[in-house]
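Let's take a walk through a protein model together. Have the structure open beside you, and turn it as you read.

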Number of protein chains: 2
Amino acid sequence: MEEKSDKTEQSGSVHLTKSIRCIVKLGGAAITCKNELETINEENLKMVSSQLRQSMIAGSSSGKVLGMDWSKKSGEPEISFTVDDFEDQPVAESSPFVVVHGAGSFGHFQASKSGVHKGGWNRPLVKAGFVATRISVTNLNLEIVRALAREGIPSIGMSPFACGWSTSERNVASADLSVVTKAIESGLVPVLHGDAVLDDLLDCTILSGDVIISHLAAHLKPDYVVFLTDVLGVYDRPPSEPNAILLREIAVAEDGSWSVVRPTLQDMNTRVKTSVAAHDTTGGMMTKIGEAAMIAKLGINVYIVKAATSHALRALSGELQGEFPDDWLGTLIRFSSK
Amino acid sequence: MEEKSDKTEQSGSVHLTKSIRCIVKLGGAAITCKNELETINEENLKMVSSQLRQSMIAGSSSGKVLGMDWSKKSGEPEISFTVDDFEDQPVAESSPFVVVHGAGSFGHFQASKSGVHKGGWNRPLVKAGFVATRISVTNLNLEIVRALAREGIPSIGMSPFACGWSTSERNVASADLSVVTKAIESGLVPVLHGDAVLDDLLDCTILSGDVIISHLAAHLKPDYVVFLTDVLGVYDRPPSEPNAILLREIAVAEDGSWSVVRPTLQDMNTRVKTSVAAHDTTGGMMTKIGEAAMIAKLGINVYIVKAATSHALRALSGELQGEFPDDWLGTLIRFSSK
C-alpha cells in the first residue's frame with residue numbers, strides 16, 4: 001500500500017522540459033469496424049495516421065515519408081528497406097503528442113463474455129477473460145503503432161497494465177507516468193489504450209481510454225485535447241435522429257456546469273439536457289460531455305471531431321486555438337470563467 | 001536522477017508473499033526459425049507451451065485445456081468459445097513462473113541495420129530503428145503470449161520498455177519490478193522479452209533477455225532457472241564440431257570461478273577454457289556460462305536444456321532439484337561452497 005501512494009504522488013508531480021502539445025483519443029468506433037469482430041478500419045486508420053504526421057512533424061506534408069515499421073510483409077521473404085534514405089534526412093523533430101486509443105471491436109467480446117469489468121479472480125472465466133482481453137487490445141495497439149510508424153511517427157506502444165496503471169474500485173489508484181514522460185522527452189510518441197488492469201478491491205477491471213485521457217490531461221497539462229470519433233461532434237440527441245443539431249461550442253463553468261454557446265437557440269440548453277438524459281441510459285453523450293468538461297475545467301480546450309476529415313486535421317494541427325472559424329464542424333468544449 | 005535511484009532501490013527490495021518457482025528463458029533460436037525473418041517455429045513453441053502448462057499447473061497433464069486466447073481466427077467471422085466450459089472448472093492455481101524470451105529472427109534485422117544498440121538519437125536511422133525494433137519484438141511477444149494462453153496459461157505480456165526498464169551505458173539502471181510482482185501475486189504469468197530501451201548515456205540501446213533474467217533472478221530469487229535452447233546444453237566446443245562433449249554439471253565457486261564436475265575427464269577444465277576462448281569471439285558459450293554462473297552464485301540452480309524435449313520437461317517441472325539422474329541430458333550450473 002505504501003508503494004502505491006508513492007506512485008500516485010509521483011504521477012501528481014510530473015515535470016517535463018517540453019510542454020505537451022496535444023493528447024489525442026482515437027475512438028474505437030473511428031478506427032475499427034464496429035460490427036465486425038477484431039477488424040480495423042484500415043482506410044480511416046491510414047488517414048488518421050497521415051493527419052497526425054502532418055500535425056506533429058513540421059513541414060512533413062510535403063516530402064518523402066520515412067516509414068518506421070520494418071516488418072516483413074506477409075508472403076514476402078525479405079524486408080524492403082534502404083538505410084541511405086535515413087542517412088540523407090535531417091532529424092525531424094515531432095512535437096510532443098500522446099495518443100490513446102479505444103478498443104472498438106477489439107477486446108469488447110472477450111471482456112463482455114467474461115465480465116472482466118466486474119472483477120473476481122475466484123471465477124476461472126474472469127481470469128481467462130482478463131488474459132483474452134489483454135491479448136485482443138494489445139493486438140490492436142500493435143496495429144495502431146505500426147500504422148503510425150508507417151507514416152514516420154516514432155510511436156511506442158505502452159500498455160497501461162505494463163506501465164503500472166491500476167485501479168481501486170475502478171478509479172485510477174496508481175499510474176506511473178514517468179515512463180510516458182521519459183518517452184516524450186526522448187521525442188517518442190507514446191500510444192496507450194483502454195486496458196484490463198488489476199484493481200485493489202475487485203481484483204481486476206477495465207480501465208477505459210477516456211479515463212486514461214482525463215488522468216493524462218490532468219497531470220501532463222497539454223495545450224489541447226482532441227477526441228476523434230465517428231460522427232461530426234456532439235449533438236443534442238442521437239445523431240441518427242432527424243433534426244439532430246450539432247452542438248458547436250460548449251462553455252464549462254468553474255463549478256463544472258456547462259451550457260451551449262453555439263448554436264444560440266434560446267431553448268437549446270433545456271432541450272439538450274432533456275434529450276441527453278434520455279439518451280444516456282445507453283451510455284453516451286452525457287458521459288462524453290461530462291468527461292470533456294472535466295478536462296475543459298483545467299483550462300484545456302477539448303475538440304470532439306469526426307476522424308479522417310479536414311475538420312479533424314484543423315483541430316489536430318492547433319489552428320483552432322484562439323479562433324473559431326464558421327466553416328469548422330465539430331464540438332469545442334472550453335472553460336469559461338464567466 | 002533522483003527518480004531513478006528511487007526505482008533502483010525499489011527493485012532491490014521486492015517482497016512477494018509467494019516464492020517464485022522458476023524463471024524460464026525461451027531462447028530466440030528455440031522458438032523462431034533463425035534463418036527465416038520474423039518466422040515463429042510453431043511446432044517448438046506449441047510443445048514448449050504445453051510443457052510449461054504441465055510444469056506450472058498441477059494435474060493439468062490430463063483433462064481439457066481451457067484456452068485463454070479468444071481471438072478471431074483469420075477467415076472466420078466469429079470467435080468460437082463456450083462460457084460454460086469455464087464455469088464448470090475449479091480455479092486452477094498456476095505456480096509462480098516468469099517467462100522471458102529472446103528475439104531470434106524478430107528484431108534482429110531492425111536492430112542491426114540501424115545500430116540501435118550503439119544509441120545516438122541524433123541519427124534519424126537510430127530513432128527509426130528503435131521504433132521498428134520495438135514493433136518486431138512486441139509482435140513476437142504477442143504471439144508467445146497467445147501460444148501460452150492457448151494452453152490455458154494466464155500469460156501477460158510485459159514489455160520491459162513499458163515496465164520502466166532503462167539502462168545506463170547498457171547496465172540496468174532502473175527496473176520497476178512492482179508490476180511483475182503484482183502480476184505474480186494475482187496468479188498471472190508475466191512474459192518479458194529482450195527489448196529496445198532508453199539509456200542515460202547512449203540515448204537508447206538493446207536490453208537482452210539474458211540480462212533481464214539475471215536481474216530478475218537476483219531480485220525475485222526463484223527456486224531455479226531454466227534456459228531453453230536449440231542444443232542439448234553447453235558443450236566444450238561448438239556443438240557442430242565432431243567430438244564435441246556435452247558439459248553436464250558445472251560448479252561455481254564463491255569467487256565466480258567455475259569448473260566442470262561431469263564428465264570427470266581429468267583434462268576437461270583446461271580443454272574447455274581453451275576452446276571456449278576461441279569460440280567466444282563469435283559471442284556464445286563463455287558469455288552464457290558466465291551469466292548462468294552469476295545466477296548460480298546466488299545459490300540458484302540453472303539448467304540449460306534443449307527446448308521441447310523430455311529433458312526440458314524434467315528441468316521445468318523441478319524434478320531435477322536435489323537429484324541428477326544419469327539419463328538427463330542437459331547442463332546443470334550450480335553453486336558449490338567448496
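In this predicted model, Thr32(A) sits in the loop that links helix H2 (28-31) to helix H3 of chain A. Is Thr32(A) buried or exposed? Its relative accessibility is 2%, and buried means under 20%, so Thr32(A) counts as buried. Which backbone atom does its side chain reach? The partner is the backbone nitrogen of Ser105(A), at 3.1 Å. If you set aside the neighbours within four places in sequence, Thr32(A) touches Thr39(A), Ile40(A) and Asn41(A), along with Ala103(A), Gly104(A), Ser105(A), Phe106(A) and Leu140(A).

Now follow the chain into helix H3. Two packed helices are described by the angle between their axes and the distance between the axes. For H3 (residues 42-56) and H11 (residues 310-317), both of chain A, the angle is about 30° and the axes are 9 Å apart. The crossing of H3(A) and H11(A) is right-handed. Where they meet, H3(A) contributes Gln51(A), Leu52(A), Gln54(A) and Ser55(A), while H11(A) offers Ser310(A), Ala312(A), Leu313(A), Leu316(A) and Ser317(A). Sorted by character, the residues of this contact are 4 nonpolar and 5 polar, with no charged ones.

Stay with H11(A) for a moment. Which of its residues are buried? They are His311(A), Ala312(A), Arg314(A), Ala315(A) and Leu316(A). The cover over these buried residues includes H3 together with strands S1 (22-26), S2 (97-101), S9 (224-229) and S14 (301-306) of chain A. Directly after H11(A) comes Gly318(A), which has a positive phi of about 90°.

Next, look for places where parts of the chain that are distant in sequence come together. Leu202(A) is found in the loop between strand S7 (195-199) and strand S8 (203-207) of chain A. Beyond its neighbours within four places in sequence, Leu202(A) is in contact with His117(A), Lys118(A), Gly119(A), Gly120(A), Glu169(A) and Arg170(A). Another residue to find is Lys288(A), in helix H10 (residues 285-296) of chain A. Lys288(A) is partly exposed because its relative accessible area is 26%, which falls between the cut-offs of 20% and 50%. Again leaving out neighbours within four places, Lys288(A) has contacts with Asp210(A), Phe227(A) and Ile304(A). Here are two pairs to locate on your screen:

| Pair | Separation along the chain | C-alpha to C-alpha distance |
|---|---|---|
| Leu202(A) and Gly119(A) | 83 residues | 4.8 Å |
| Lys288(A) and Asp210(A) | 78 residues | 8.4 Å |

What share of the contacts in chain A with a separation of 6 or more joins residues 24 or more positions apart? The share is 73%.

What about the cysteines? A disulfide is a covalent bond between the sulfur atoms of two cysteines. How many disulfides are there over all chains? The count is 0. Cys204(A) has a relative accessible area of 0%, so Cys204(A) is buried. Cys22(B) is also buried, because its relative accessible area is 0%.

Finally, step back to view chain A as a whole. Chain A contains 11 helices and 15 strands. Of its 338 residues, 57% are buried. Thr32(A), where this tour began, is one of the buried residues.

Definitions and conventions:
Residues numbered from 1 in each chain as written. Chains lettered and ligands numbered in written order. Predicted model: local features only at pLDDT ≥ 70, side-chain atom pairs only at ≥ 80, totals over all residues. Heavy atoms only, no water. Axes fitted to C-alpha atoms, helices over the stretch in contact; angles between N-to-C directions. Helix = DSSP H or I, 4+ residues; strand = E, 2+ residues; numbered from the N terminus. Left-handed = near helix turned anticlockwise from the far one by under 90°. Contact = heavy atoms within 4.5 Å. Nonpolar A, V, L, I, M, F, W, Y, C, P; charged D, E, K, R; others polar. Buried < 20%, exposed > 50% of the residue type's maximum accessible area, 1.4 Å probe, protein only. Polar contact = N/O pair within 3.5 Å; in protein donor to acceptor, adjacent residues only side chain to side chain. Disulfide = S-S within 2.5 Å.
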